[in-house]
Amino acid sequence: KSYSMVGYNANKGIIPIACEEIFERTGKNDNPALRYEVVISVVEIYNEVVQDLLVEPETRPRKGLDIRESKLLGIYIDKVEKRPVDSYEAIEQ
């Protein structure tokens, strides 16, 4: 699974390919009326428990995070950390 998602060495996975495409397309924007904000969250679902990987393990809720549904937001993970990024390299950090 990790190999397909992230890849290995020169063989890029789904995540880096998708991210590079997002940043390439948003970088081509020449319309000053349009502004893009790219924000990431990194979660792990293991044994039906959702963990936020951007939060230190000792400060994560023991029961994990809740998945919720809203008419306005759709399906989302409650209280997940979100960080703005401007490149795939920023995501890797």
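Leaving aside neighbours within four places in sequence, which residues is Cys19 in contact with? In this predicted model, the partners of Cys19 are Tyr88 and Ile91. That pair makes a handy way into the fold, and the rest of the chain can be picked up from there.

First, the overall layout. The protein chain holds three helices and eight strands, and reading along the sequence gives the pattern α-β-β-α-β-β-β-β-β-β-α. Its C-alpha trace spans about 45 × 40 × 25 Å along the principal axes. A compact globule of 93 residues would have a radius of gyration near 12 Å, whereas the protein chain comes in at 16 Å. Of those 93 residues, 16% count as buried. The exposed surface of the protein chain is about 8,000 Å², with carbon and sulfur atoms supplying 51% of it. As for contacts with a separation of 6 or more, 35% of them link residues 24 or more positions apart.

Now back to Cys19 and its surroundings. Cys19 belongs to the largest nonpolar core, a group of five residues that also takes in Phe23, Ile40, Val85 and Tyr88. That fits a broader habit: in soluble globular proteins, nonpolar side chains tend to be buried together.

Helix α2 runs over residues 14-27, and its 14 residues should span 20 Å at 1.5 Å a residue; the end C-alpha atoms are indeed 20 Å apart, so the two figures agree. Which residues of α2 are buried? They are Pro16, Cys19 and Phe23. These three cover an arc of only 65° around the axis, which means that they sit on the same side of α2. An α-helix has 3.6 residues a turn, so residues three or four places apart point the same way. On the other side of α2, Ile14 and Arg25 are exposed. The cover over the buried residues of α2 includes α1 (2-6), β2 (11-12), β3 (38-40), β8 (83-85) and α3 (88-92).

Helix α3 is also where Ile91 is found. Is Ile91 buried or partly exposed? Ile91 counts as partly exposed because its relative accessibility is 21%, and the cut-off for buried is under 20%. Not counting residues up to four places away in sequence, Ile91 touches Cys19, Phe23, Ile40 and Val85. Glu44 is another matter: Ile91 and Glu44 are 47 residues apart in sequence, and their C-alpha atoms are 16 Å apart in space.

Glu44 turns up again around Gln51, a residue of strand β5 (residues 49-52). Gln51 is buried, with a relative accessible area of 14%. Apart from residues up to four places away in sequence, Gln51 touches Val42, Val43, Glu44, Arg60, Pro61, Arg62 and Gly64.

Two loop residues round off the picture with their backbone angles. Most residues other than glycine have a negative phi, and most peptide bonds are trans. Asn47 is not a glycine, yet it has a positive phi of about 50°. Asn47 is placed in the loop between β4 (43-46) and β5, and is exposed, with a relative accessible area of 62%. Lys79, which is not a glycine either, has a positive phi of about 65°. The loop that holds Lys79 lies between β7 (74-77) and β8, and Lys79 is exposed at a relative accessible area of 70%.

Definitions and conventions: Residues are numbered from 1 along each chain as its sequence is written. This is a predicted model: local features need pLDDT of at least 70, side-chain atom pairs count only at pLDDT 80 or more; totals for chains, interfaces and linings use all residues. Side-chain values use heavy atoms; hydrogens and water are left out. A nonpolar core is a set of buried Ala, Val, Leu, Ile, Met, Phe, Trp, Tyr and Cys residues joined through side-chain atoms within 4.5 Å. Buried means under 20% relative accessible area, exposed over 50%, partly exposed in between (1.4 Å probe, protein chains only). Contact means heavy atoms within 4.5 Å. Helices (H or I, at least four residues) and strands (E, at least two) are DSSP runs, numbered from the N terminus. The expected span of a helix is 1.5 Å times one less than its number of residues. The arc is that of the directions from the helix axis to the C-beta atoms. The radius of gyration is taken over C-alpha atoms; the globule rule is 2.2 Å times the number of residues to the power 0.38. Accessible areas come from the Shrake-Rupley method with a 1.4 Å probe; for residues, only the protein chains shown count as cover.
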